[in-house]
Amino acid sequence: MKFTVSNLPSSMFLLVFFIALVSHTHGSKIDHHRSNKHVPLFIFGDSFLDAGNNNYINTTTLDQANFLPYGETYFKFPTGRFSDGRLISDFIAEYANLPLVPPYLQPGNSNYYGGVNFASGGAGALVETFQGSVIPFKTQARNYEKVGALLRHKLGSSEAKLLLSSAVYMFSIGSNDYLSPFLTHSDVLNSYSHSEYVGMVVANMTSIIKEIYKRGARKFVFMTLPPLGCLPGTRIIQLQGNGKCLQELSALASLHNGVLKVVLLQLDKQLKGFKFALYDFSADLTQMINHPLKYGLKEGKSACCGSGPFRGVYSCGGKRGEKQFELCDKPNEYLFWDSYHLTESAYKKFADRMWGFPNNSSNIGYYTIRDLFQLP
């Protein structure tokens, strides 16, 4: 099916009011008082977890998803999520008996007892990554600091400290630090060896994690980076690559994942009360790319929405320079929604495995995210 941007109803571009209400219309209402039954969820990172913060910043449509067909499957309108529906974090919230965790920048959002989502599509651990178009990880941490101050004002110091230490903190960060040099044709990787560049990314990430810990966080959940060279949008970078994965990019992600494991084990020893879960997103995504049928999918390499080979051209929605795009009929049969992001159907499968059902061996470390929600 082919679309152009002019086919889309103009009313869909006036949905800020409805976007702001999404966490009320598609989830149980957040109590005005903290409930001891619910552990808050604070979310940081990039477009894998952004629930709509980029709707409210001065950026371009390259870093936004507030237009159709984004959101069409579950919400029936675009929320700013880079998918046809819900994200991994939305399902994790559901499994933890929480409503959808609202974006920090959503107008009127000042109730943080159930947590809040700071993630920004395009963000990286390095401030220079897509600088000026996204909310960097460092700024997300500063926003968390503001939330902590507000909670101390509302609840008092001891009660706020208890809430923040009992909460679970979920992260997806790093992918854009490695994607950006390839997508912007930057020569930054010519100035550093792979190990030096990965060292910079992980060092920045670690410094910010320590700041978040210092501000009260104790229970951390991380995801390994996906095989970045095997996304539809990166397969097409090599003009004569015959659609093969871009090995240099996947090698950077793999190196990052190895260093991240070592650093987390070090933090576990260094920081009192620090607990972490590390979900091997890379291993599971690789399996689904190569064996989609085994996971109830029909297509593991091409995107549902986009254009060109593998629908890897980032044209989904017709608002990123190229107006024409293709859209599959059944997103739930696809692993990839657009050039770089996954379908709701896929995100649910990952969330299930991350949570620990069915029996899942893709968690690295002492805990799963479910364990962290159950710990005091």
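**Group meeting: disulfides, a sheet and two helices**

The S-S bond between cysteine 304 and cysteine 328 has a torsion of about -90 degrees, so this disulfide is left-handed. The two sulfur atoms are 2.0 Å apart. This pair links distant parts of the chain, 24 residues apart. Cysteine 304 is in the loop between strand 7 (299-303) and strand 8 (305-306), and cysteine 328 is in the loop between strand 9 (325-327) and strand 10 (334-336).

Before I go on, a word on the model. It is a predicted model. The average pLDDT, the predictor's confidence in each residue, is 90 for the protein, and 88% of the residues score at least 70. Over residues 2-36 the pLDDT stays under 50. For that stretch the model has 61 contacts beyond four places in sequence.

Back to the cysteines. How many disulfides does the count come to? It comes to three. As a reminder, a disulfide is a covalent bond between the sulfur atoms of two cysteines.

Are cysteine 304 and cysteine 328 buried or exposed? The cut-off for buried is under 20% relative accessible area. Cysteine 304 has 0% relative accessibility, so it counts as buried. Cysteine 328 is at 7%, so it is buried too.

Next is the disulfide between cysteine 305 and cysteine 316, with an S to S distance of 2.0 Å. Its torsion is about 95 degrees, so this disulfide is right-handed. Cysteine 305 sits in strand 8 and cysteine 316 in the loop between strand 8 and strand 9, with their positions 11 residues apart in sequence. Cysteine 305 is buried at 0% relative accessibility, and cysteine 316 is buried at 1%.

That leaves cysteine 230 and cysteine 245, joined with an S to S distance of 2.1 Å. The torsion here is about 115 degrees, so this one is right-handed. Cysteine 230 lies in the loop between strand 5 (219-223) and helix 8 (232-235), and cysteine 245 in the loop between helix 8 and helix 9 (247-270), so the pair ties together parts that are 15 residues apart in sequence. Both cysteine 230 and cysteine 245 are buried.

If you count the bonded cysteines along the chain, what pattern do the disulfides follow? The pattern is 1-2, 3-6, 4-5.

Now the sheet. It is an open sheet of six strands, in the order 3-2-4-5-6-11, with mixed pairing. Its edge strands are strand 3 (115-117) and strand 11 (363-364), each pairing on one side only. In general, strands of a sheet pair through backbone hydrogen bonds, either parallel or antiparallel.

I will stay with strand 5 for a moment. Strand 5 runs parallel to strand 4, and four bridges join the two. The bridge partner of tyrosine 169 is phenylalanine 220, and that of phenylalanine 171 is phenylalanine 222. Strand 5 is also joined to strand 6 by five bridges, and these two strands run parallel as well. One bridge pair there is lysine 219 with lysine 275.

Why can we call strand 5 largely enclosed by the rest of the structure? Five of its five residues are buried, so the description fits. Lys219, Val221 and Met223 point one way from the strand, while Phe220 and Phe222 point the other way.

Finally, the helices that pack on this sheet. Helix 7 covers residues 194-214, which is 21 residues. At 1.5 Å a residue it should span 30 Å, and its end C-alpha atoms are 30 Å apart, so the two agree. Its buried residues include Tyr197, Val201, Met205, Ile208 and Ile212. What do the buried residues of helix 7 pack against? Their neighbours are strand 2 (41-45), helix 4 (137-155), strand 4 (168-172), helix 6 (175-183), strand 5 and helix 9.

Helix 7 lies across strand 2, strand 4 and strand 5, and runs at about 155 degrees to strand 5. Helix 9 packs on the sheet too, touching strand 5, strand 6 (275-279) and strand 11. The direction of helix 9 makes about 165 degrees with that of strand 6.

One last detail for when you look at the backbone. After helix 7 comes glycine 216, and its phi is positive, near 120 degrees.

That is what I have for today.

How values were computed. Residues numbered from 1 in each chain as written. Predicted model: local features only at pLDDT ≥ 70, side-chain atom pairs only at ≥ 80, totals over all residues. Heavy atoms only, no water. Disulfide = S-S within 2.5 Å. Buried < 20%, exposed > 50% of the residue type's maximum accessible area, 1.4 Å probe, protein only. Expected span 1.5 Å × (residues − 1). Contact = heavy atoms within 4.5 Å. Pairing = 2+ DSSP bridges. Axes fitted to C-alpha atoms, helices over the stretch in contact; angles between N-to-C directions. pLDDT = per-residue confidence, 0-100.
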